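Please open the structure in your viewer and keep the selection tool at hand. This tour moves from one selection to the next and says at each stop what is to be found there.

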Amino acid sequence: MPFLQDVIHKIEVGGGPRFFRIGLVVLAVVFLTVGYNWRAFKNMASQEAMDAAQVARNLSQGKGYTTLFIRPFSMYLVKKRNLAKGSAVAGKGADPSQIKGMHPDLANPPVYPFLLAGVMKVLPFQYLLPAKPKPFWSFNGKFWRYEPDFLIGMVNQLLFFGVVMLTFFLARRLFDARVAWLSSVLLLGTELFWRFCVSGLSTMLLILIYVGLAWCLLLLEQEAREPKRGLVWLFLLAGLAGIVLGVGGLTRYAFGWLIFPVLLFLILFGGRQRILLALIALVTFLGTMTPWMVRNYNVSGNPFGTAGYAVMENTILFPEHRLERSLEPDLSRVYLQPFWTKLMTNTRQIMQGELPKLGGGWVTALFLAGLLVGFRSLAVRRLRYFLLGCLVVLVIVQALGRTQLSDDSPEINSENLLVLLAPLVLVYGVSLFFM
């Protein structure tokens with residue numbers, strides 16, 4: 001009896017209520033995940049996701065960073081580079097375009113395919129459909145779910161849960177537990193994030209990286225304003241911010257443009273060591289990005305491969321998929337007007353269509369209204385300045401980098417960069433809701 005009384009006492013008074021709440025939260029997340037995958041899971045419908053997955057499969061099978069998705073424009077760049085280096089001569093058996101063997105991939109940054117390749121090595125991916133369909137993967141005896149697509153979706157859902165946890169602790173540090181809990185619930189309840197999870201795109205990994213970058217800058221700003229651990233800790237945070245930003249740039253090249261708001265944040269709020277902190281972040285960022293850029297340059301003559309020409313796509317110079325499908329494109333007739341027209345047209349579409357839906361609809365309205373509110377906390381105000389700087393940069397980058405892929409798969413595509421800011425937008429919108 002004393003033992004039973006001790007157990008009841010711990011449940012009622014001790015840590016029992018806390019563990020009970022945590023258990024309910026975990027149970028709710030499990031039910032939500034199972035329910036969504038059971039009712040709403042769809043196999044990959046985006047060519048970008050399938051492209052990254054097949055590159056990862058080649059990696060996992062020891063075929064190197066190569067692709068089976070051959071773009072004529074990629075062949076053109078490889079051929080031009082090989083002929084310039086003199087490593088391939090025209091004649092019998094010559095292969096300057098490298099299509100007789102495995103063609104080097106020039107479209108996908110490396111981090112996400114390497115992550116998927118590691119998962120493919122660990123988990124038993126069954127690429128061939130079984131002769132006799134199994135219950136979960138079939139419906140009424142017919143093919144329904146493709147196992148590799150489903151496992152990649154599960155990996156992205158684990159990344160999504162990581163985003164929710166990081167956002168929860170970030171919101172609690174900036175505001176309080178109420179804002180943290182409601183922000184997490186809204187993140188879990190926003191269908192857009194679940195659709196990105198099952199899409200197979202690298203978006204969820206990139207959102208996780210962005211929230212991690214926000215954490216680095218928040219800790220750095222607080223340490224610079226109220227020193228507690230010394231200069232070494234400050235320099236480590238600046239270096240870590242540069243590395244995180246570099247990893248994000250190697251997950252999606254457009255993410256690298258955030259180096260400008262990061263450097264501006266460090267120069268404005270880095271304290272006495274601001275210039276040194278900005279230099280450390282810049283050097284570590286470039287140190288992370290440079291080896292892969294050198295690889296791309298050696299293979300194609302462009303540090304970003306075919307992605308370096310995205311600004312030309314969907315202009316009057318190369319409408320729709322014309323550049324990607326060109327074996328001998330004329331890159332000499334380039335002038336400023338098409339890019340200006342593309343920027344203005346796409347920026348207007350982003351401001352009218354995508355920006356209002358940034359954080360899930362009504363929360364974005366609260367975030368925008370909250371820009372008129374002056375928070376007392378310096379950390380809250382300064383991180384909001386960083387968020388606004390990222391918003392301006394990503395609107396410009398998304399407008400200029402938009403290609404036909406955004407029209408082929410509206411909203412759920414790798415060119416949707418504003419969605420990366422959604423967790424922080426939710427946090428600031430929820431904070432105004434409580435105010």
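Begin by selecting Pro261, Val262, Phe265 and Phe269 in α11, and then add Arg382, Leu383, Tyr385, Phe386, Gly389, Cys390 and Val393 in α15, since these are the residues through which the two helices meet. By class, this contact of α11 with α15 is made up of nine nonpolar residues, one polar residue and one charged residue. Keep in mind throughout that what you are looking at is a predicted model.

Now widen the selection to the whole of helix α11 (residues 259–269) and helix α15 (residues 378–401), whose axes lie 9 Å apart and pack at an angle of about 150°. Angles over 145 degrees count as roughly antiparallel, and α11 and α15 are therefore roughly antiparallel to each other. If you turn the view to look through one helix at the other, the crossing of α11 and α15 is right-handed.

Stay with helix α15 and select Arg381, which lies in this helix. Is Arg381 buried or partly exposed? Its relative accessibility is 24%, and Arg381 therefore counts as partly exposed. Leaving out residues up to four places away in sequence, Arg381 touches Phe375 and Arg376.

Next select Gln398, which is also found in helix α15. Residues under 20% relative accessible area are called buried, and Gln398, at 6% relative accessibility, therefore counts as buried. When residues up to four places away in sequence are not counted, Gln398 touches Ile350, Glu354, Glu415, Asn416, Leu417 and Leu418.

From here, select Phe386 again, this time together with Phe193, Met204, Tyr210, Leu213 and Phe255, because of the 111 residues in the largest nonpolar core these six touch the most other members. Which helix gives this core its largest share? That helix is α9 (residues 203–225), from which 15 residues of the core come. A second core, separate from this one, has nine residues, including Phe73, Leu317, Phe318 and Phe339. As a general background to such groupings, nonpolar side chains in soluble globular proteins tend to be buried together.

Return to the largest core and centre the view on Phe193, which, leaving aside its neighbours within four places in sequence, is in contact with Phe160, Leu187, Met204, Ile207, Val419, Ala422 and Leu426.

Now show the whole of helix α8 (residues 191–199), where seven of the nine residues are buried, so that the helix is largely enclosed by the rest of the structure. The buried residues to colour in α8 are Leu192, Phe193, Trp194, Phe196, Cys197, Val198 and Ser199. Just after α8 you will come to Gly200, which takes a positive phi of about 85°. To relate this stop to an earlier one, draw a line from the C-alpha of Gly200 to that of Arg381: the two residues are 181 residues apart in sequence and 35 Å apart in space.

Add helix α6 (residues 147–174) to the view, where its axis and that of α8 are 7 Å apart and the two helices pack at an angle of about 140°. Helices α6 and α8 are therefore oblique to each other. At their contact, Gly153, Asn156, Gln157, Phe160 and Phe161 in α6 meet Phe193, Trp194, Cys197 and Val198 in α8, and these residues divide into six nonpolar, three polar and no charged.

Select Leu187 next, whose place is in helix α7. With a relative accessibility of 0%, Leu187 counts as buried, and its contacts, not counting residues up to four places away in sequence, are with Phe160, Val164, Thr167, Phe193, Pro423 and Leu426.

For the last stop, show helix α7 (residues 177–189) with helix α17 (residues 422–434), whose axes come within 9 Å and cross at roughly 130°. That angle makes α7 oblique to α17, and α7 passes α17 in a right-handed crossing. The residues to select are Arg178, Val179, Leu182, Ser183, Leu186 and Leu187 in α7, which meet Pro423, Leu426, Val427, Val430, Ser431, Phe433 and Phe434 in α17. This contact divides into 10 nonpolar residues, two polar residues and one charged residue.

Note on methods:
Residues numbered from 1 in each chain as written. Predicted model: local features only at pLDDT ≥ 70, side-chain atom pairs only at ≥ 80, totals over all residues. Heavy atoms only, no water. Axes fitted to C-alpha atoms, helices over the stretch in contact; angles between N-to-C directions. Helix = DSSP H or I, 4+ residues; strand = E, 2+ residues; numbered from the N terminus. Parallel < 35°, antiparallel > 145°, perpendicular 65-115°, else oblique. Left-handed = near helix turned anticlockwise from the far one by under 90°. Contact = heavy atoms within 4.5 Å. Nonpolar A, V, L, I, M, F, W, Y, C, P; charged D, E, K, R; others polar. Core = buried A, V, L, I, M, F, W, Y, C linked by side-chain atoms within 4.5 Å. Buried < 20%, exposed > 50% of the residue type's maximum accessible area, 1.4 Å probe, protein only.
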